[in-house]
Amino acid sequence: MPYRLSWENNVLHIRLTGDVTLENIREYENLIWSDPRFDRLDYVLWDGSHIDSLELPVEEAEFSAAYSKASSLSNASIKVAMVVTDPDMQSLVEAYVAFLEYVDTPWTLKVFDSIDPAKEWLLQP
């Protein structure tokens with residue numbers, strides 16, 4: 001499985017590794033949004049720094065963002081740090097973030113190219 005979900009109190013760490021497909025993303029999103037802990041979630045660290053390939057057309061990234069927007073109705077106060085090191089994947093993740101901002105998500109999102117600044121940012125008030 002190319003993803004691992006780690007819940008600690010009000011923090012979710014999503015770690016992606018290897019070859020990640022649209023099916024994998026939908027699978028872990030469904031697990032997260034159906035979990036009762038989602039309603040108490042404050043922070044998400046999405047770590048894509050170990051992805052080898054990401055099979056996700058831009059249109060599907062927008063579709064995923066629309067699902068995220070819908071889930072924000074259940075929990076509007078999530079701060080999300082997204083870490084991705086590959087420039088092509090970073091463009092795709094930035095498109096996802098831009099679409100969420102376009103649909104006026106209440107979540108605070110930021111893309112990073114390494115894990116330490118992402119963790120620091122999450123801890124800032």
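## A lone salt bridge

How many salt bridges does a search of the whole structure find? Just one. Keep in mind that we're looking at a predicted model here. The partners are Arg37 and Asp35, whose side chains meet with 2.7 Å from N to O. Side chains of opposite charge can pair when their charged atoms come close.

Is Asp35 buried or exposed? Asp35 counts as buried because its relative accessibility is 15%, and buried means under 20%. Arg37, on the other hand, has 33% relative accessibility, so Arg37 counts as partly exposed. To find Asp35 on the chain, look in the loop between helix H1 (22-34) and strand E3 (43-55).

## Strand E4 and its neighbours

Now follow strand E4, residues 79-83. What sits alongside E4? Strand E5 (residues 108-112) does: the two run parallel and are joined by five bridges. To get from E4 to E5, the chain passes through helix H3 (residues 87-102), making a right-handed β-α-β crossover. You can spot the pairing residue by residue: Val80 stands opposite Leu109 in E5, and Val83 stands opposite Phe112 in E5.

E4 also pairs with E3, again in the parallel sense and over five bridges. Here, Leu45 stands opposite Ala81 in E4.

## Covered on both faces

How many of E4's five residues are buried? Five of the five, so the strand is mostly covered by the definition of buried. In a regular strand the side chains alternate between the two faces of the sheet. In E4, one side holds Lys79, Ala81 and Val83, while Val80 and Met82 are on the other, and all of them are buried.

## Inside the cores

In soluble globular proteins, nonpolar side chains tend to be buried together. In this model, the largest nonpolar core has 30 residues. Among those with the most contacts inside it are Ile14, Tyr28, Trp46, Met82 and Leu109. Strands E1 (3-8) and E2 (11-21), together with H1, E3, E4, H3 and E5, each chip in at least two residues. Which element gives the most to this core? That's H3, with six residues.

Trp46 is a good residue to click on. Leaving out residues up to four places away in sequence, Trp46 touches Ile14, Leu16, Tyr28, Ile51, Ala81, Met82, Val83 and Val93. There's also a second, separate core of seven residues, including Ala81, Val83, Ala118 and Trp121.

How values were computed: Residues numbered from 1 in each chain as written. Predicted model: local features only at pLDDT ≥ 70, side-chain atom pairs only at ≥ 80, totals over all residues. Heavy atoms only, no water. Salt bridge = Lys/Arg side-chain N within 4 Å of Asp/Glu carboxyl O. Buried < 20%, exposed > 50% of the residue type's maximum accessible area, 1.4 Å probe, protein only. Helix = DSSP H or I, 4+ residues; strand = E, 2+ residues; numbered from the N terminus. Pairing = 2+ DSSP bridges. Right-handed = clockwise from strand over helix to strand, strands pointing away. Core = buried A, V, L, I, M, F, W, Y, C linked by side-chain atoms within 4.5 Å. Contact = heavy atoms within 4.5 Å.
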